[in-house]
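Good morning. I will take you through one structure today, starting with a charged pair and working outwards from there.

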Amino acid sequence: MSSWTDHLVIAPIVVPLIAGALMVLAGEGRRTINNILALASVAGLLLVALALVGLADTAAQAPSQTRVYRLGDWPALFAIVLVLDRLSALMVLLTSVLGVAALVFSFARWYRAGAYFHPLLQFQLMGLNGAFLTGDLFNLFVFFEVLLAPSYGLVLHGSGIARARAGLHYLAVNLAASLLFLIGVSMIYGLAGTLSMADLAARFGELRAEDRALVEAAIAILGVAFLIKAGIWPLGFWLPTAYAAASAPSAAILSILSKVGVYAVLRLWLLLFGGDGASAGFGGGFLMIAGIVTIAFGSFAVLATQSMPRLAGASVLVSSGTLLAAIGMGQAAVTSGALYYLVSSVFAIAALFLLIELVERSREVGADVIAVTREAIGDVEEEAEQSDEETGIAIPGTMAVLGMSFLACALVLAGLPPLSGFLAKFAILAPLLASGADLGAADWTLLAALVLSGLATIIAMTRVGIDAFWASPGATLARVRVIEIAPVLGLLFLCVGITVKAGPVMRYMETTARSLHAPQEYIRGVLPPSRAERSAP
Amino acid sequence: MELIVALGIGMLTGSGVWLLLRPRTFEVIVGLSLLTYAVNIFIFSTGGLRSGALPVLERGVAGDLAQHADPVPQALVLTAIVISFATTALFLVLLLALRGLTGTDHVDGREREE
């Protein structure tokens, strides 16, 4: 705890917490203060996240690859730790980019569609960052709850029957998942006597054989809780409905919420079963099969739907499935491709959710929603709304811009060249094909699933796109303001960016995947030397 | 004592799961509450079931788990109780909102067609 950079690790949790608390104190009425606070907070978060990625990446030269922040400066093993490594830095950066996009988009009008949008968004970011940074299982549970509580609010934001219906299912499913999480965590504590992920991994080899089976069962229960979040088949039927019903900026943030489950699986599974211990690769086959079935289910859902929001919700399923199937392969090279895919698909899906709202508005669907909510809130909003509509700067060539953005989203999601989606799928498949002539059934299935899901996505998106842009006679174009299209273009620009800069980005992902597949580094970084050495094989 | 606790957890879980799968929102929330109780007792029991163990450190008694009750599950269960309490309250609000918006207490917001 010497230099200020050591304390930077906790900033992604503290900054939104303070900003959110100040907003609640300031009250819902003071819009200018709230807007400035929110903007300052997400901008600060973005800078902090960039700095953290820099820190995590340069730490490669240092002896320990992970930066550990012991809360309260208690000695290791007593302290609850925050751990910064490349993976958590990457996820925090993704979260803050989405935070900026959703916030800027909401400035146009969505933050007025219901109460407390800004504080909810801040607490949501806090929960996400906390879940990505923590190195303790129970703390992970707490941050899961912290990120779920505002997400219930965000799903319901804007009110209306569809949201209340979807929100009730979302809430019930996630409450049940939290209970499973608790059962898993307490079983692990009862058997292994620790809740620190690193300590658990270190002790895992020392467990008695009869306890080991129980701990594996406990981790499987935890895994079910994570997979429910990720929306894996058959636990993910709630996901498309809830995401489709949520308002656009909320849905953009929610698109990374499903990746929290994937992150937790990636972190815990590789930490505990990634090495060459007694139960290495436990459940890998299951992850792989579940992932592929989810891809299949998601592809059928994409094909079956006519409505754009549900299409976006279904593509969240496809992306979760692809990630889990790739992680389940248990090869470092495939994992690095999966990480690249994660970044690319999160950006594209968030952009798609934002874009859909703009497109649907032309078909008077969005207008209905606003009318309903305006009625619900009362007429006080009326005046501000109108004066605002006058002053907003509309963009020229609305149809062209929206159409091109939709095309770009479709290319990334379907995995067609020249955008990042193609590179991502290629990066997942290339190591499998390069590994030799003897491709197993699993490899072929993954290959087929990835290619066919891309085909399904492009068919569905072409159909919906034609319907929205070409075949809607007499559609009066709604005014789309710069502030609304800017986040969409920004996210798509980032997709182009990671395509152009694929070399450095892939190098980062490869280093990340390598260190994930060598959990000893993580354990040695978090635990005191005496403890970590004992676990060394 | 183990048998009683195990039976209690089992009964709470069984009734909770059954109620959770019912179509009325009120049954669902009661089911979730029962499940929460079951899970809380389960967490509490992971510290080992003992009577008469010291809850806090005392002068002259070595601070190990042979003499004392394990404090970690107690801390965990407190956190779990607070969180589940808050989320249950949130669920209640949503339940009432849905009832107000749709006029029915079915979980899907509409009665099943006969």
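**Salt bridges, core and interface**

A:Asp57 and A:Arg507 form a salt bridge, with their closest N and O atoms 3.1 Å apart. The two partners are 450 residues apart, A:Asp57 in helix α3 of chain A and A:Arg507 in helix α21, residues 502-517, so described as a link between distant parts of the chain. Before going further, please note that this is a predicted model.

How exposed are these partners? A:Arg507 counts as partly exposed, because its relative accessibility is 44%. A:Asp57 is also given as partly exposed, with a relative accessible area of 21%. The cut-off for buried is under 20%.

A:Asp57 has another partner. Its side chain meets that of A:Arg86 in a salt bridge, at 3.1 Å from N to O. Here the separation along the chain is 29 residues, with A:Asp57 in helix α3, residues 31-58, and A:Arg86 in helix α4, residues 86-108. A:Arg86 is buried, since its relative accessible area is 3%.

Now a pair elsewhere in chain A. A:Asp85 forms a salt bridge with A:Arg267, and the closest N and O atoms are 2.8 Å apart. A:Asp85 sits in the loop between β2, residues 81-84, and α4, while A:Arg267 belongs to helix α11, residues 248-273; 182 residues separate them. Are these two buried or exposed? Both A:Asp85 and A:Arg267 are buried. As for A:Asp57, A:Arg86 and A:Arg507, salt bridges with shared partners join them into one network.

As background, side chains of opposite charge can pair when their charged atoms come close. Over all chains, the structure holds eight salt bridges.

Next, chain A as a whole. How many helices and strands does chain A have? There are 23 helices and two strands. Of the 537 residues in chain A, 60% are buried. Take the contacts in chain A between residues at least 6 apart in sequence: 80% of these join residues at least 24 apart. The accessible surface of chain A is about 19300 Å², and carbon and sulfur atoms account for 69% of that.

On to the nonpolar core. The largest one has 207 residues, and the residues with the most contacts inside it are A:Leu137 and B:Phe91. Helix α14 of chain A, residues 332-362, provides the largest share of this core, 20 residues.

What does A:Leu137 touch, leaving out residues up to four places away in sequence? Its contacts include A:Phe181, A:Val185, A:Ile188 and A:Leu268. A:Phe181 and A:Leu268 come up again, among the contacts of A:Phe226 beyond four places in sequence. Others in that group are A:Leu140, A:Phe144 and A:Gly261. A:Phe226 is found in helix α9 of chain A, and it counts as buried because its relative accessibility is 2%. Its C-alpha atom is 9.5 Å from that of A:Leu180, with the two positions 46 residues apart along the chain.

Helix α14 also holds a polar residue to look at, A:Ser336. Where does the side chain of A:Ser336 reach? It reaches the backbone oxygen of A:Ala333, at 2.7 Å. A:Ser336 counts as buried, because its relative accessibility is 2%. Setting aside residues up to four places away in sequence, A:Ser336 touches A:Met506, A:Met509, A:Glu510 and A:Ala513.

Two peptide bonds deserve a mention. A cis peptide bond joins A:Trp233 and A:Pro234, with omega at about 0°. A:Pro234 is in the loop between α9, residues 209-230, and α10, residues 238-245. A cis peptide bond also joins A:Pro417 and A:Pro418, where omega is about 10°. A:Pro418 lies in the loop between α17, residues 398-414, and α18, residues 420-434.

Last, the interface. Chain B puts 28 residues in contact with 26 residues of chain A. About 2400 Å² is buried between the two chains, and carbon and sulfur atoms give 83% of it. How many salt bridges cross this interface of chain B and chain A? The rule finds zero. It does find four residue pairs in polar contact across the interface. On the side of chain B that touches chain A, α2, residues 25-45, and α3, residues 71-102, each supply at least two residues. The most comes from α3 of chain B, with 14 residues.

That is all I have; questions are welcome.

Conventions. Residues are numbered from 1 along each chain as its sequence is written. Chains are lettered from A and ligands numbered from 1 in the order in which they are written. This is a predicted model: local features need pLDDT of at least 70, side-chain atom pairs count only at pLDDT 80 or more; totals for chains, interfaces and linings use all residues. Side-chain values use heavy atoms; hydrogens and water are left out. A nonpolar core is a set of buried Ala, Val, Leu, Ile, Met, Phe, Trp, Tyr and Cys residues joined through side-chain atoms within 4.5 Å. Buried means under 20% relative accessible area, exposed over 50%, partly exposed in between (1.4 Å probe, protein chains only). Helices (H or I, at least four residues) and strands (E, at least two) are DSSP runs, numbered from the N terminus. Contact means heavy atoms within 4.5 Å. Accessible areas come from the Shrake-Rupley method with a 1.4 Å probe; for residues, only the protein chains shown count as cover. Buried area is the accessible area (1.4 Å probe) that two parts lose on being put together, summed over both. A salt bridge is a side-chain nitrogen of Lys or Arg within 4 Å of a carboxyl oxygen of Asp or Glu. A polar contact is a pair of N or O atoms within 3.5 Å; within protein, one must be able to donate a hydrogen and the other to accept it, and residues adjacent in sequence count only if both atoms are side-chain atoms.
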